[in-house]
Amino acid sequence: MPSARTESRPWRRKAFGLAATVLLGLASAWGTATPGNAATVKPMPDTSALDDVPLNQISVPGLHNAYDKSKSKSITAGLDLGARLLEIDAYSTYGNPGGWVVSHSDPLINDNNCTYRTGSGVFRKTWENGSLRTCLDDLRAWSDAHPGHDPVYLKLELKWGFRSNADMGPTQLDQLVAAHLGAGNLFTPADMLGTAYPTLDAAALAGAWPSWGRLRGKFIVFPITGTIENRLSGYKLDNLSTEQEYAQHLADLSAAGRLETASMWPAMTHPGPNGDPRLVYAPGLRPWFVIFDTQATRWLNDGYPMSWYCRSNYLTVEGSAESVAPALDDTDPDPTAAAQRVQYLAQQGHSSATTFDWMSAPGAFALWTRNC
């Protein structure tokens with residue numbers, strides 16, 4: 001199979017009819033699962049009918065805060081259920097490769113379901129609460145155990161952003177991701193551009209997204225501006241967001257002929273409803289944003305020009321699916337309503353990835369065509 005890097009031709013439509021038929025049946029294939037009990041999940045369904053469909057025409061389910069121990073004892077449980085996007089919160093705290101703290105609200109202590117082992121033989125012990133490095137190792141182990149798995153998005157919310165002055169900047173995070181997920185397991189901006197396109201925007205507008213099949217076994221990693229960082233910005237205490245800093249990083253690498261060293265994608269959060277949201281940034285940064293992420297209610301209710309995002313072949317991530325009217329329970333929704341909500345956001349909201357906290361609604365983990 002040719003690598004994703006070499007594919008520069010526009011996407012093809014020939015498998016859409018077959019793929020849509022297959023997608024309708026995927027939800028029932030997952031079996032019944034409960035939080036912390038992945039053993040009841042059936043083997044992952046065959047999604048090979050999607051192999052000729054481009055990534056930007058597929059909508060995947062995603063698990064918000066996949067590292068949360070209240071969801072499962074393992075960060076990979078969401079992948080076993082069928083999530084194809086996992087979200088991880090990380091703090092740039094201690095200034096070394098193991099210093100990225102994974103926690104919801106404590107920036108000093110890891111609090112998560114990422115596990116690591118110490119000792120050997122009778123002294124071998126498994127520990128919870130690993131750093132981001134441990135979480136990436138867990139995902140790599142899952143990937144190795146499921147060769148040819150569906151593409152997986154990994155969304156990293158950098159709660160208070162990068163800290164380049166503590167060696168926790170974009171370059172160091174690129175290196176951490178490549179070292180622990182495996183550079184060969186990533187679909188990167190350089191893979192998208194190949195030798196045919198100068199920027200991500202040019203590639204997206206040309207319809208150059210690789211097909212699902214060409215991205216099997218790959219992770220697509222994107223950092224987003226974190227909640228604390230947003231608050232600091234509101235108080236004029238932070239004037240460089242994660243999204244802007246990483247886009248500048250990519251632009252600089254491209255100018256230096258070193259784009260292949262980037263492991264991740266810039267993602268714009270809180271895109272505005274009026275026209276191109278990238279106009280808030282300098283012209284040199286705008287062409288590096290092709291992933292846009294905000295709450296589902298904003299995508300649906302605030303007048304966002306979804307036809308523009310679809311027409312431009314951009315990826316849209318829609319969070320908090322439960323909040324769309326009529327609201328569903330955050331963690332224990334009616335399973336049928338949850339499945340219908342994800343389908344609605346895929347096909348009416350044109351979502352590339354829909355995120356939620358549900359672990360007991362197997363139908364919500366179906367894949368859908370995006371209807372763009």
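## Pockets, disulfides and a buried glycine

Helix α7 provides three residues to the lining of the second largest pocket, which is the largest share of that lining. The model is a predicted one, in which local features need pLDDT of at least 70 and side-chain atom pairs count only at pLDDT 80 or more, whereas totals for chains, interfaces and linings use all residues. Residues are numbered from 1 along each chain as its sequence is written, and side-chain values use heavy atoms, with hydrogens and water left out. Helices (H or I, at least four residues) and strands (E, at least two) are DSSP runs numbered from the N terminus.

The second largest pocket has a volume of about 230 Å³, and of the 18 residues that line it, Asn 230, Ser 233, Ser 241, Glu 243 and Tyr 281 lie nearest its centre. At least two lining residues are supplied by each of α7, α8 (242-255) and β8 (268-269). A pocket here is an open set of points on a 1 Å grid over the protein atoms alone, where a 1.4 Å probe fits and protein lies on both sides within 12 Å along at least five of seven lines; lining residues have an atom within 4 Å of a point. Grid points are joined across faces, edges and corners, and the volume is the space filled by probe spheres set on the points.

The largest pocket holds about 390 Å³ of space, and its lining numbers 24 residues, with Glu 87, Lys 155, Glu 157, Ile 224 and Gln 295 nearest the centre. Elements that give two or more residues to this lining are β2 (85-92), β6 (152-158), β7 (219-225), α7 (227-234), β9 (291-295) and β11 (353-356), and the largest share, three residues, comes from β9. The table sets out the linings by class, where Ala, Val, Leu, Ile, Met, Phe, Trp, Tyr, Cys and Pro count as nonpolar, Asp, Glu, Lys and Arg as charged, and the others, Gly among them, as polar.

| Pocket | Nonpolar | Polar | Charged |
|---|---|---|---|
| Largest pocket | two residues | 13 residues | nine residues |
| Second largest pocket | six residues | nine residues | three residues |

The structure also holds two disulfides, each being a pair of cysteine sulfur atoms within 2.5 Å, and the bonded cysteines, counted along the chain, follow the pattern 1-2, 3-4. One disulfide joins Cys 114 to Cys 135 with an S to S distance of 2.0 Å, and because the torsion about its S-S bond is about 105 degrees, this disulfide is right-handed. It links distant parts of the chain, 21 residues apart, with Cys 114 in the loop between β3 (100-102) and β4 (116-118) and Cys 135 in helix α3 (residues 132-145). Cys 114 is buried at a relative accessible area of 0%, and Cys 135 is likewise buried at 0%, where buried means under 20%, exposed over 50% and partly exposed in between (1.4 Å probe, protein chains only).

The other disulfide joins Cys 310 to Cys 372 at 1.9 Å, S to S, and is left-handed, with -50 degrees about the S-S bond. Here Cys 310 lies in helix α10 (residues 306-311) and Cys 372 in the segment after β12 (368-369), 62 residues apart. Cys 310 is buried, with a relative accessible area of 10%, whereas Cys 372 counts as partly exposed at 30% relative accessibility.

Gly 62, in strand β1 (residues 58-63), is buried, with a relative accessible area of 0%. Leaving aside residues up to four places away in sequence, Gly 62 touches Leu 85, Thr 354, Thr 355 and Phe 356, a contact being heavy atoms within 4.5 Å. The C-alpha atoms of Gly 62 and Ala 83 are separated by 4.9 Å, although these residues are 21 residues apart along the chain.
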